[in-house]
Amino acid sequence: MDKFVIRGGNPLVGTIRVSGAKNSALPCMAAAILTEDEVTLENIPQVRDIETERRLLASMGAEVELREGELRDRTTICCRTLSDPVARYEIVKTMRASSLVLGPLIARAGVARVAMPGGCAIGGRPIDLHIKGLEKMGAVITQEHGYLEARAEHLRGAHLVFDKITVTGTEDLLMAAVLAEGDTLMENCAREPEVADLAALLNAMGAEIEGAGTATIRVHGVASLHGARYRINPDRIEAGTFLIAGAITAGDLIVANCNATHLGAVIAKLQEAGARIDVLGPDSIRVRATAELHAADISTEEYPGFPTDMQAQYMALATQAKGVSLVRENIFENRFMHVQELVRMGANIKVDGSIATVRGPARLTSAAVMCSDLRASASLVLAALVAEGETIVDRVYHMDRGYERFEEKLIGVGAQIQRLGNVFAPREPVAVAG
Ligand code: EPZ
């Protein structure tokens, strides 16, 4: 398992480029199931979850081409033959977003067999709302041996109201609705930009969707969809992570190739904490540190609130801010696994239920720390960038799931990071998270 060796103390200076959004690419790749034509997606990040989705689609009979070299950020998918509409547990257990194939498979093939995703480090993450919506559209779904078996002669448009706001639930049912008979009204939808990205692709494929990106989405079902070429939006969470990297190292960083309109809550919070942020243009933001960072509370909310996917990264910053910052996690029930690792580096953090109390500034010193999930990994790297000495960040395969060439990009603006592959290291006790 690879690890990073990070020597802290360098301010990050220069320009760092953001890749395409993993959480747009995943539903958009699944959308290719809805047509027999080729779908070409651009600005695809080369990260492990994309490779997992590629293997999943290929295992069902799709032809998937991830270009290498200068076209590395492009993929062409053709689902003309879906010989085996099954999402196997061996793949699903490594990426719960595999459940995004459920809606499109039923819509296209009338049948789907998808392994239940199982739990996840950050929470139970059920998909009951996906199932409830599909059943309302006429699917018959049974569960046995850890798999969902879904059948539908033809999905019917319905009036769907989500009990809870769910991003992939909204995306899954949107993909089911585009080929359903009649109209579908979806209320209490997720408003994340990734939903609007998916809807833009589906409309380019011939779907008739209105309201994506708002809480109310209307879909007029069509008989079939055709192929399309579509460029994925930039990754707002990667961009937010880099903004914090610039602030925490007291650097002067330009985050390029981003979409500043997707970062309103993050920019406002970092400014409240004392970072100096200038939006230079729609795709470029400059972050500089001011005299000192000071405490500011966050409460994670669905978009456009402060994103749960930025909570761990913000907590690293809060350890350096003067005063007491309250970090409230409202979306997932177990998303504080980075806390004890930050405490091992010298952070002063106490957790009580869904609230972490962070007292700063704390002097961080190097330690051997371990990643537990994608965004916790980023938090540990951010802390290591300011810790005294050389920090060992282990199990960075979590990071490789959703950050493209992360250490390479940070080294490019002055970070001192080395990736070590400890292939022959003795087996380490596996920490049971949570
Ligand atoms: C998406 O996950 C993202 N993943 C997550 O990003 C992100 O943290 C999350 O949305 C929230 O913004 C992708 O888009 C691939 P939810 P998703 O359904 O859709 C509960 C990352 O770091 N819920 O919006 O799985 C659920 O338990 C990842 O890139 C149900 O109860 O999240 C949670 O408490 C991590 N029943 C809440 O809703 C359901 O059927 C929000 O979950 C579905 C969800």
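The questions and answers below concern strands, buried residues and salt bridges in a predicted model.

Reader: Which strands does E1 pair with, and in what sense?
Author: Strand E1 covers residues 2-7 and joins strand E24 (residues 416-421) over six bridges, in the antiparallel sense. Five further bridges link E1 to a strand at residues 390-394, again running antiparallel. The partners of E1 are therefore E24 and E23, and the sense is antiparallel.

Reader: Which residues are the bridge partners of lysine 3 and phenylalanine 4?
Author: Lysine 3 is bridged to a residue of E24, leucine 420. Phenylalanine 4 is bridged to a residue of E23. In general, side chains in a regular strand alternate between the two faces of the sheet. The partner of lysine 3 is leucine 420, and that of phenylalanine 4 is valine 393.

Reader: Which strands stand at the edges of the open sheet of four strands?
Author: The sheet has mixed pairing and the order E2-E15-E17-E16. Two of its strands, at 13-17 and 276-281, have a single partner strand each, so one side of each is left without a neighbour in the sheet. The edge strands are E2 and E16.

Reader: By how much are neighbouring strands of this sheet turned against each other on average?
Author: The strands in question are those of the open sheet with the order E2-E15-E17-E16. With direction ignored, the average turn between neighbouring strands is 20°.

Reader: In what sense do E2 and E15 pair, parallel or antiparallel?
Author: Strand E15 spans residues 252-256 and shares five bridges with E2. One of the paired positions is glycine 14, whose bridge partner in E15 is leucine 253. The sense of the pairing is parallel.

Reader: Which helix packs on the sheet, and what angle does its direction make with that of E15?
Author: The helix touches E2, E15 and strand E17 (284-288). This helix covers residues 236-248. The helix is H8, and the angle is about 170°.

Reader: How many residues lie between E16 and E17 in their hairpin?
Author: E16 and E17 pair in the antiparallel sense over five bridges. Within that pairing, arginine 276 has arginine 288 of E17 as its bridge partner. The number of residues between the two strands of the hairpin is two.

Reader: Where does aspartate 235 lie, and which backbone nitrogen does its side chain reach?
Author: Aspartate 235 sits in the loop between strand E14 (228-231) and helix H8. Beyond four places in sequence, aspartate 235 touches Val18, Ser19, Gly20, Ala21, Lys22 and Gly402. At 3.4 Å, its side chain reaches the backbone nitrogen of lysine 22.

Reader: Why does aspartate 235 have no salt bridge, and which side chain of opposite charge is nearest?
Author: Aspartate 235 is buried. A salt bridge requires a side-chain nitrogen of Lys or Arg within 4 Å of a carboxyl oxygen. The nearest side chain of opposite charge is 5.0 Å away, so aspartate 235 has no salt bridge. That side chain belongs to arginine 375.

Reader: Why does isoleucine 50 count as buried?
Author: Isoleucine 50 lies in helix H2 (residues 48-59). Its C-alpha atom is separated by 6.8 Å from that of leucine 26, 24 residues apart along the chain. Buried means under 20% relative accessible area, and isoleucine 50 counts as buried because its relative accessibility is 1%.

Reader: Which residue meets arginine 7 in a salt bridge?
Author: The N to O distance in this salt bridge is 3.8 Å. The pair links strand E1 with strand E23, 383 residues apart. Arginine 7 is partly exposed at 37% relative accessible area, and its partner is partly exposed at 42%. The partner is glutamate 390.

Reader: Which residue forms a salt bridge with arginine 74?
Author: The closest N and O atoms of the pair are 3.5 Å apart. Arginine 74 lies in strand E5 (residues 74-78) and its partner in strand E3 (residues 38-42), so parts 32 residues apart in sequence are tied together. The partner counts as buried at 15% relative accessibility. That residue is glutamate 42.

Reader: How far apart are the closest N and O atoms of aspartate 309 and arginine 335?
Author: Aspartate 309 counts as buried at 16% relative accessibility, and arginine 335 is buried with a relative accessible area of 8%. The two residues form a salt bridge, and the separation of the closest N and O atoms is 2.8 Å.

Terms used: Residues are numbered from 1 along each chain as its sequence is written. This is a predicted model: local features need pLDDT of at least 70, side-chain atom pairs count only at pLDDT 80 or more; totals for chains, interfaces and linings use all residues. Side-chain values use heavy atoms; hydrogens and water are left out. Buried means under 20% relative accessible area, exposed over 50%, partly exposed in between (1.4 Å probe, protein chains only). Lys and Arg count as positive and Asp and Glu as negative; His and the chain ends are not counted. A polar contact is a pair of N or O atoms within 3.5 Å; within protein, one must be able to donate a hydrogen and the other to accept it, and residues adjacent in sequence count only if both atoms are side-chain atoms. Contact means heavy atoms within 4.5 Å. Axes are lines fitted to C-alpha atoms, for helices over the stretch in contact, and angles run from 0 to 180 degrees between N-to-C directions.
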